[in-house]
Structure formats: C-alpha cells, structure tokens
Amino acid sequence: MTLSYALEKYWTGIHSLAADGSMKSRLTNAWLSVMRVNPEEDIPDQDIRREHAHLMRELTKVQDGPGEGTFQKTLNRMTDEQAEQYGAQLVSLCYRLAELE
C-alpha cells in the first residue's frame, strides 16, 4: 500500500464525518475507513504515523469484558464532545497527509 491508499481512507473518513447522523455514528463510519490504514506501510511521515497510531489506540482503549469490540465499547463511554474532538483529529491528520503528496 502507499500514501495514496492512506489518503483515500482518510478522505472517505472525512466524508463520513460530514454526513448526516449523530456524531458517534459518523465517527464510527470514519473509523471503519481509517482503521484499514497500516501506518508502517501507508504513512511515510514518522510524526503523522505516530499520531495515527495514538488516535487508533485512543479509539479502542476500552477493553474490559466479553462482547462488543473495543471500538464500540470505547464509543459507548465517549461523550459527544469527545467524539467531535476525535473527528477533528481525523480531519487534521488527513490534511497533514495531503500535504505530503
């Protein structure tokens, strides 16, 4: 994969954030796209790679008990304000990736 793959996934994620629905629903759709990015292969910039990895860890940090996946558990405990902040981080990372192209 390549930087263009990462950009495609991030742009798709941004489009999801701009769609109708609750912020948590939009963040879920954005995450489903961006989670496919392999930072080691798709993100050439070390700082952006690190920030992407950190954001993915933040979005999957709740791991207690059986059942739902870690993203869904994290989302369930997230406030709408936190969801907006994570969405803003996705947008910021996307634009930083675009500057590399």
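These exercises practise reading helices, packing and burial in one predicted model.

Residues are numbered from 1 along each chain as its sequence is written, and side-chain values use heavy atoms, without hydrogens and water. Because the model is predicted, local features need pLDDT of at least 70 and side-chain atom pairs count only at pLDDT 80 or more, while totals for chains, interfaces and linings use all residues.

**Exercise 1. Describe the overall fold of the protein chain.**

Step 1. Count the elements. The protein chain has six helices and zero strands. Helices (H or I, at least four residues) and strands (E, at least two) are DSSP runs, numbered from the N terminus.

Step 2. Read along the sequence. The pattern is α-α-α-α-α-α.

Step 3. Check the size. The C-alpha atoms fill a box of roughly 40 × 30 × 20 Å along the principal axes. A compact globule of 101 residues would have a radius of gyration near 13 Å, and the protein chain agrees because its value is 13 Å. The radius is taken over C-alpha atoms, and the globule rule is 2.2 Å times the number of residues to the power 0.38.

Step 4. Look at burial and contacts. Buried residues make up 42% of the 101 residues. Buried means under 20% relative accessible area, exposed over 50%, and partly exposed in between (1.4 Å probe, protein chains only). Among contacts with a separation of 6 or more, 66% join residues 24 or more positions apart. Contact means heavy atoms within 4.5 Å.

**Exercise 2. Describe how helix α6 packs against α1 and α2.**

Step 1. Recall the method. Two packed helices are described by the angle and the distance between their axes. Axes are lines fitted to C-alpha atoms, for helices over the stretch in contact, and angles run from 0 to 180 degrees between N-to-C directions.

Step 2. Take α1 (residues 3-17) with α6. Their axes come within 9 Å and cross at roughly 145 degrees. The crossing is left-handed. That means the near helix is turned anticlockwise from the far one by less than a right angle; clockwise would be right-handed.

Step 3. List contact residues. Trp11 and Ile14 of α1 are among them, as are Val91 and Cys94 of α6. The classes are 15 nonpolar, one polar and no charged. Ala, Val, Leu, Ile, Met, Phe, Trp, Tyr, Cys and Pro count as nonpolar, Asp, Glu, Lys and Arg as charged, and the others, Gly among them, as polar.

Step 4. Take α2 (residues 23-34) with α6 (residues 80-100). Their axes come within 9 Å and cross at roughly 35 degrees. This crossing is left-handed. Contact residues include Met23 and Leu27 of α2, with Ala83 and Tyr86 of α6. Here the classes are seven nonpolar, one polar and three charged.

**Exercise 3. Place Thr74, Ser33 and Asn29 in the structure.**

Step 1. Start with Thr74. Thr74 sits in helix α5 (residues 70-77). Thr74 counts as buried because its relative accessible area is 4%. Its side chain reaches the backbone oxygen of Thr70 at 2.8 Å. Leaving out residues up to four places away in sequence, Thr74 touches Glu58, Leu59, Thr60, Lys61 and Val62.

Step 2. Move to Ser33. Ser33 belongs to helix α2. At 5% relative accessibility, Ser33 is buried. With residues up to four places away left out, Ser33 touches Lys9, Thr12 and Gly13.

Step 3. Finish with Asn29. Asn29 is also in helix α2. Its relative accessible area is 40%, so Asn29 is partly exposed. Asn29 and Leu55 are 26 residues apart in sequence and 15 Å apart in space, C-alpha to C-alpha.

How values were computed. A polar contact is a pair of N or O atoms within 3.5 Å; within protein, one must be able to donate a hydrogen and the other to accept it, and residues adjacent in sequence count only if both atoms are side-chain atoms.
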